[in-house]
Amino acid sequence: MIKDNLGNINKELPSGVKLVAVSKFHPVEAVIEAYEAGQRVFGESRPQEFAAKIAALQNAEGRFDDIEWHFIGHLQTNKLKMVLPYANLVQSVDSEHLLSEIDKWGRENGRKVDVLLEMHIGAEETKQGFTEEALLDLMFRLSDGKFPNVRVRGLMGMATNTDDEAAVDADFERIDSYMAYLVDLFPEMEAFDQLSIGMSGDWKIALRHGATMVRIGTAIFGERK
């Protein structure tokens with residue numbers, strides 16, 4: 001099933017759009033099955049599960065060393081040590097406090113950490129993320145050299161949880177337009193070129209709005225067990 005699902009999705013993904021297979025709540029065996037089908041980029045949202053899966057796969061004599069791991073969930077600062085040593089990208093930086101702590105970890109460990117800034121675009125108040133005004137203020141300071149041990153690669157967002165395609169389309173248009181605005185305003189920002197939008201139910205809409213990454217779980221692995 002996983003192999004077929006991956007094949008069907010990849011047939012529809014344009015060149016240059018990265019598929020992040022969201023393996024959260026699924027066993028490590030599902031990650032291995034997807035890996036054997038050719039998938040190399042995986043996303044997890046809980047630090048303990050993230051660290052446990054990586055540990056399990058690291059015991060496989062280097063077989064899975066080419067996996068690219070993305071952390072996509074809310075990250076508490078007291079869990080950084082579970083995530084940052086292994087994450088190729090932290091997609092879900094939703095506050096300046098978290099960004100500051102990641103920068104501190106990078107400084108202490110001689111690393112520059114790649115991150116995306118999460119922009120709040122959905123209607124739900126419970127969603128995390130920066131407003132446009134907060135993002136703009138932060139970007140001015142980043143361009144002046146603040147937080148030198150992080151490299152902000154772009155934006156991430158989640159559309160409103162609704163069956164109304166027009167509402168989802170509007171959410172993705174909003175973040176796509178703001179991403180373009182920031183790219184134009186800060187041409188000096190190194191490699192600020194990634195837009196992570198779209199999940200199992202709305203990734204095809206996200207493709208119409210400049211997505212360079214889509215985060216797909218259920219449509220690959222099935223319903224959570």
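## L117 and the nonpolar core

Look past the four places on either side in sequence, and L117 still touches V93, L99, F130, L135, L138, M139, L142, V152, G154, L155 and M156. This is a predicted model, so read every contact here as a computed one. L117 belongs to the largest nonpolar core, a set of 65 residues, in which L117 and L155 touch the most other members. The largest share of this core comes from helix α7 (residues 165-185), which puts in six residues.

L117 and L155 are also partners, as L155 is on the contact list of L117. That list takes in L135 and M139, and these two turn up again in the packing of α6 against α7.

## V113, at the start of β5

V113 sits in strand β5, which covers residues 113-118. With a relative accessible area of 1%, V113 falls under the 20% cut-off, so it counts as buried.

What does V113 touch, leaving aside its neighbours within four places in sequence? The partners are L84, V90, I102, W105, G106, N149, V150 and R151. Take R151 from that list: it is 38 residues away along the chain, yet the C-alpha atoms of V113 and R151 are separated by 5.9 Å.

## How α6 meets α7

Helix α6 runs over residues 132-143, and its axis comes within 12 Å of the axis of α7. The two axes cross at roughly 20°. Angles under 35 degrees count as roughly parallel, and α6 and α7 are therefore roughly parallel to each other. Their crossing is right-handed.

On the α6 side, the residues that meet α7 are E132, E133, L135, L136, M139 and F140. Facing them from α7 are R174, Y178, Y181, L182 and L185. Sorted by class, that makes eight nonpolar residues, three charged ones and no polar ones in this contact.

## How α2 meets α3

The other helix pair to look at is α2 (residues 28-36) with α3 (residues 47-58). Their axes lie 10 Å apart and the packing angle is about 60°, which makes α2 oblique to α3. The crossing here is right-handed.

V28, V31 and I32 make the contact from the α2 side, while α3 brings K53, A56 and L57. By class, five of these residues are nonpolar, one is charged and none is polar.

## F64 and S45, on either side of α3

F64 lies in the loop between α3 and β3 (68-71). Is F64 buried or exposed? At 7% relative accessibility, F64 counts as buried. Beyond four places in sequence, F64 is in contact with I32, Y35 and L57. I32 and L57 are also part of the contact between α2 and α3. As for distance, I54 is ten residues from F64 along the chain, with 9.2 Å between their C-alpha atoms.

S45 is in the loop that links β2 (41-44) to α3. S45 has a relative accessible area of 14%, so it too is buried. Setting aside neighbours within four places in sequence, S45 contacts K24, F71, I72, G73 and H74.

## F147 and A191, two positive phi angles

Which loop holds F147? F147 is in the loop between α6 and β6 (150-156). Although F147 is not a glycine, its phi is positive, at about 60°. F147 is buried, with 8% relative accessible area.

A191 also has a positive phi without being a glycine, here about 55°. This residue lies in the loop between α7 and β7 (194-196). A191 has 27% relative accessibility and counts as partly exposed.

## M199, after β7

Further along the chain, M199 sits in the loop between β7 and α8 (203-207). Its relative accessible area is 32%, so M199 is partly exposed.

Not counting neighbours within four places in sequence, M199 is in contact with M158, R215 and I216. M199 and V168 are 31 residues apart in sequence, and their C-alpha atoms are 11 Å apart in space.

Definitions and conventions: Residues numbered from 1 in each chain as written. Predicted model: local features only at pLDDT ≥ 70, side-chain atom pairs only at ≥ 80, totals over all residues. Heavy atoms only, no water. Core = buried A, V, L, I, M, F, W, Y, C linked by side-chain atoms within 4.5 Å. Buried < 20%, exposed > 50% of the residue type's maximum accessible area, 1.4 Å probe, protein only. Helix = DSSP H or I, 4+ residues; strand = E, 2+ residues; numbered from the N terminus. Contact = heavy atoms within 4.5 Å. Axes fitted to C-alpha atoms, helices over the stretch in contact; angles between N-to-C directions. Parallel < 35°, antiparallel > 145°, perpendicular 65-115°, else oblique. Left-handed = near helix turned anticlockwise from the far one by under 90°. Nonpolar A, V, L, I, M, F, W, Y, C, P; charged D, E, K, R; others polar.
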